[in-house]
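Work through the exercises below with the sequence and the coordinates open. Try each task before reading its solution.

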Amino acid sequence: MQKDDSESSTNFIQNIIEEDLKTQKFEGRVHTRFPPEPNGYLHIGHAKSICLNFGLATQYSGKCNLRFDDTNPSREEEEYVKAIMEDVRWLGFDWDDRLYFSSEYFDQLYEYAVRLIQKGCAYVDELSPEQIREYRGTLTEPGRNSPYRDRLVEENLDLFERMRAGEFAEGERVLRAKIDMASGNLNLRDPVLYRVLKVAHHRTGDKWCIYPMYDFTHGQSDSLEGITHSICTLEFEDHRPLYDWFLKELDIYRPQQIEFARLNLNYTILSKRKLLQLVQEKHVSGWDDPRMPTLSGMRRRGYPPEAIRDFCERIGVAKSNSTVDFALLEHCVRENLNKTSSRVMAVIRPLKVVIENYPEDQVEELIAENNPGDPDAGSRKIPFSRVLYIEQDDFMEDPPKKFFRLAPGREVRLKHAYIIKCEQVIKDENTGEVVELRCTYDPESKSGSSMDGRKVKGTLHWLSVAHAQPAEVRLYNHLFLNENPADEKENPELGVSVNSDSLEIIQDGFIEPFLKDAVGGDRFQFLRLGYFCVDNESSTSGAPVFNRTVTLRDTWAKIAKK
């Protein structure tokens, strides 16, 4: 049960757990849970909680449950349940046989509510939702007691049973805890425990027309499952006295709640409500749009789960909120892909090159290593011929001083191939656009080193026109231009802050011949262009679509050096 000696430092949650293990507070048990609400897709913020809860259970030879806190059927769907389970498994974690739903406890929660009524700790209220908010008071003013607060126990029991029987319309009756309307903690000012909601539940169907509130469900579910350490984000810190009150009044097992800072990323929104708004308003194609911070979106974009786990480990666990630079997440992705991705060549904005002194009907097969950093990755053969494609950006007719790529009269090296020299520039007669380059090659310079000792500074990627396969390439950028798009004062209208250039679709790109058989999820480094992943939604057999996962430039590494 003790911590692995390989770990060099501990966070404050680990310190609490280790102290509990020493004192045998929970008989030496460590039992955590990840409790999402099935009202949206998981995002990178949830990944931090998943890694923390499942990671702690693994570290201390404990258990971690996956529990869906499904108390609001008006916003919950089975689609979200399936997506969440897929995301947790994709991240590399498993709950074994410990899959739970709060809806499984509805009968027990109802009994708990009856118990509170019988103790005089809960009452049925007839105030409207607006009146309840009015009576609640403010941070500087105490609340007022409801005129229905002092009903007799028998009357409350009767009304609560009639609520369950469907006698009242939504909003007509609620069950409230009787705590303290003058408390400095607004959560203790007689919170609502049950409301009438005549909506079918995705698991229980029409059995219930009253549903427990999240705050009444959360702590009791932890108790029923024997959770030892109930790990929550900081916004639940003010709710802890309420959860403790419930457990005390019900006289049931009490887990220990510990709060930590949630993840905030710049240029990113991590509110499920706002992410749903992006989907509904068609700013993105869906929850799994590769621009979204959802785990399904990141998976589709090509983020490896190992990189996300590494990111969560690096940012650590803190007690105060802060904002993490998105560049750190991209750095973790690059580090992983640099080690694991095969290097290939693709040309996304092609410019034709004709090598005039290369035999017209000749095709060579050149050898290229798949990953210079991994000898076990092997090599492949690339066809080389007289007519090639290079990137338009790799040629300038009148280059500046530090431009080391191709220009009239200048030599460059073609990766894995030969040194070529630009002899002639062919332009469109009407537009003046460069459409073709006429070049010569040095037959003695194969594999990039000239026999006469001359050096060239530029190395370009290329493809043989006769063998290149067409492919659609999608270039993704930040979905938001503003560094803090979640700030409603700065960005009162979410749609206005969306980056209109967050997606560029290039339909006339070209790839190496073998890449036409790549399948969804395959990842590659396109030399000099970035890391790309085969889209698992839009690709078809023999016609892959490539999503840019991340560029090659690592801004975080530069920031870290400074």
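**Exercise 1. A salt bridge between two loops**

Is E126 buried, partly exposed or exposed? Then place its salt-bridge partner.

Solution. This is a predicted model.
- Start with the area. E126 has a relative accessible area of 26%. Buried means under 20% and exposed over 50%. E126 is therefore partly exposed.
- Find the partner. E126 forms a salt bridge with R151, and the closest N and O atoms are 2.0 Å apart.
- Locate both ends. R151 sits in the loop between α5 (129-136) and α6 (153-164), and E126 in the loop between β4 (122-125) and α5, so the pair ties together parts 25 residues apart in sequence.
- Check the cover on the arginine. R151 is buried, at a relative accessible area of 15%.

**Exercise 2. A bridge across the sequence**

Determine which parts of the chain K274 and E488 tie together.

Solution.
- Confirm the bridge. K274 and E488 form a salt bridge, with the closest N and O atoms 3.2 Å apart.
- Assign the elements. K274 lies in helix α9 (residues 272-280), while E488 lies in the loop between β21 (469-476) and β22 (503-511), so the bridge ties together parts that are 214 residues apart in sequence.
- Classify the ends. K274 is buried, with a relative accessible area of 8%. E488 is partly exposed, at 46% relative accessibility.

**Exercise 3. A bridge within one loop**

Where do D394 and R405 lie?

Solution.
- Take the distance. The side chains of D394 and R405 meet in a salt bridge at 3.1 Å, N to O.
- Map the residues. D394 and R405 both lie in the loop between β15 (387-391) and β16 (411-414), so the pair ties together parts eleven residues apart in sequence.
- Compare the burial classes. D394 is buried, at 2% relative accessibility. R405 is partly exposed, with a relative accessible area of 30%.
- Widen the view. The salt-bridge count comes to 42. Beyond single pairs, R33, R67, D69, D222 and E225 are linked in a network of salt bridges.

**Exercise 4. The nonpolar cores**

Which members of the largest nonpolar core touch the most other members?

Solution.
- Name the hubs. The core has 39 residues, and I44, I50, V88, I308 and F311 touch the most other members.
- List the suppliers. At least two residues of this core come from each of α2 (44-59), β2 (63-68), α3 (78-91), α10 (295-301), α11 (305-315) and α12 (326-340).
- Zoom in on one hub. Setting aside neighbours within four places in sequence, I50 contacts F34, L42, G55, V88, L91, F93 and L295.
- Look elsewhere. A second, separate core has 34 residues, including F106, L116, C209 and Y211.

**Exercise 5. Overall form**

Decide whether the chain is more spread out than a compact globule.

Solution.
- Count the elements. The protein chain has 13 helices and 25 strands.
- Apply the globule rule. The radius of gyration is 31 Å, well over the 24 Å the rule gives for 562 residues, so the chain is more spread out than a compact globule.
- Check the box. Along the principal axes, the C-alpha atoms fill roughly 100 × 55 × 45 Å.
- Weigh the burial. Buried residues make up 53% of the 562 residues.
- Examine the contacts. Among contacts between residues at least 6 apart in sequence, 70% join residues at least 24 apart.
- Finish with the surface. The accessible surface comes to about 26,200 Å², and 45% of it belongs to carbon and sulfur atoms.

Note on methods: Residues are numbered from 1 along each chain as its sequence is written. This is a predicted model: local features need pLDDT of at least 70, side-chain atom pairs count only at pLDDT 80 or more; totals for chains, interfaces and linings use all residues. Side-chain values use heavy atoms; hydrogens and water are left out. A nonpolar core is a set of buried Ala, Val, Leu, Ile, Met, Phe, Trp, Tyr and Cys residues joined through side-chain atoms within 4.5 Å. Buried means under 20% relative accessible area, exposed over 50%, partly exposed in between (1.4 Å probe, protein chains only). Helices (H or I, at least four residues) and strands (E, at least two) are DSSP runs, numbered from the N terminus. Contact means heavy atoms within 4.5 Å. A salt bridge is a side-chain nitrogen of Lys or Arg within 4 Å of a carboxyl oxygen of Asp or Glu. The radius of gyration is taken over C-alpha atoms; the globule rule is 2.2 Å times the number of residues to the power 0.38. Accessible areas come from the Shrake-Rupley method with a 1.4 Å probe; for residues, only the protein chains shown count as cover.
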